[in-house]
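Notebook open, coffee poured. Here is what I looked up today, strand by strand and helix by helix.

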Amino acid sequence: AFGVVADIQFADAEDGYDFGGCRRRYYRHSLRLLREAVREWAGESPPIDFVLQLGDSIDGQNARRGEAESALQQVLEVLGQLSVPVHHAWGNHELYNFSRARLVHTGLYSRPAGGSDGPPDRECHAYHCSPAPRLRLVVLDSYDTSTLGTDPGSLRYQESLRVLRDKNPNDDLNSPEGLKEPHFVAFNGGFSQAQLDWFDEVLKFSDENQEKVIVMAHVPIHPFASNGVCLAWNYEAALSVIHSHGCVVCVLAGHLHDGAYCLDSHGVHHLTLEGVIETPPESNAFGTIYVYEDKMVLKGRGRIPDRVMHF
């Protein structure tokens, strides 16, 4: 069993609204909701084995307020009350606050120290581990190709900007207005070829060892588990890796605060979790997933509905 939570986006700030000005965001309350989640996970019996934090743990405005380090510390302190590992995905809001080089030295870097469990690029926050026999968790970095958190002089930045500009001629690169492919916006990102090659090798190993694989990333990789905008740039490439193997049973993501779900044509469940940040203080948005031989059962709290996912 493991806990799941997405888009906490904590800031020690008054409530505000999303970029469209119509969705309320409860910046300060999100930490209280996380505390509630941690209390409930800590009391689970039998105990949970780990927690997946699906990205955007703190809000981008912390950078402007000079509070990025302290906001992150507060979130990590709450999660640190658990006696189990927490696996972190990196989201756009992490990269509004910190460079990739800095994130490697924070508590959000959950990639194990060894090195053989992830791509050669240590700044790519992708890795895999086996939390139980015949079960593998793969954490993907959906901003491995991105203009966020990278030095504008770097090759990574230049290449990412080229990909983005190729598809998005808007002055505001965060605007999907008029785009044929509206997911090519700066607040999304993509997967490098090196990461996709590594991912392919991991799934090959899992196929050979009859493992079931759970994949997590911040940005959804299936259009039906998205609103069409919140979607990884090269989602087709990631899907094609998954579909060329039989081991992946579920892909978990955040980023889209409304949440979404689909069962794709290859029998893979794509579950996008509702975000804590837009959850009213009297509700919540987290869940516990129980893994069985033939299914995963999500027990959701607050805005997150219960779900049974057979494989």
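How many residues lie between strand 13 and strand 14 in their hairpin? I counted four residues between them. A reminder to myself before going on: this is a predicted model.

**Entry 1: the strands at the C-terminal end of my list**

I stayed with strand 13 (residues 295–302) and checked its partners. Strand 14 (residues 307–310) pairs with strand 13 in the antiparallel sense, over four bridges. Here I found L298 opposite R307 of strand 14. Strand 12 (285–291) also runs antiparallel to strand 13, and seven bridges join the two. On that side, L298 is the bridge partner of I289. So much for pairing; the link between strand 12 and strand 13 is a hairpin as well, made through three residues.

**Entry 2: helix 1**

Strand 12 led me to helix 1 (29–42), since the buried residues of helix 1 pack against strand 12, along with strand 1 (2–5), strand 4 and helix 3. I listed those buried residues as S30, L31, L33, L34, A37, V38 and W41. Looking down the axis, I saw them fall within an arc of 160 degrees, so they line one face of helix 1. A textbook note fits in here: an α-helix has 3.6 residues a turn, so residues three or four places apart point the same way. I also checked the length: the 14 residues should span 20 Å at 1.5 Å a residue, and the end C-alpha atoms are 20 Å apart, which agrees.

**Entry 3: helix 3**

Next I turned to helix 3 (residues 68–79), which has twelve residues. From first C-alpha to last it reaches 17 Å, close to the expected 16 Å. Which of its residues are buried? I noted A68, A71, L72, V75, L76, V78 and L79. They cover an arc of only 155 degrees around the axis, which puts them on the same side of helix 3. Their packing partners are helix 1, strand 4 (50–53), helix 2 (61–65), strand 5 (86–88) and helix 4 (92–97).

**Entry 4: strand 8**

Why do I call strand 8 (residues 212–216) largely enclosed by the rest of the structure? Because four of its five residues are buried. Strand 7 (residues 135–139) pairs with strand 8 in the parallel sense over five bridges, and L135 stands opposite K212. Strand 9 (residues 248–253) is also a parallel partner of strand 8, over four bridges, with V215 opposite V251. I then traced the chain from strand 8 through helix 8 (residues 235–243) to strand 9, and this β-α-β crossover is right-handed.

Terms used:
Residues are numbered from 1 along each chain as its sequence is written. This is a predicted model: local features need pLDDT of at least 70, side-chain atom pairs count only at pLDDT 80 or more; totals for chains, interfaces and linings use all residues. Side-chain values use heavy atoms; hydrogens and water are left out. Buried means under 20% relative accessible area, exposed over 50%, partly exposed in between (1.4 Å probe, protein chains only). Two strands pair if DSSP finds at least two bridges between them. A crossover is right-handed if, with the strands pointing away from the viewer, the path from the first strand over the helix to the second runs clockwise. The expected span of a helix is 1.5 Å times one less than its number of residues. The arc is that of the directions from the helix axis to the C-beta atoms. Contact means heavy atoms within 4.5 Å.
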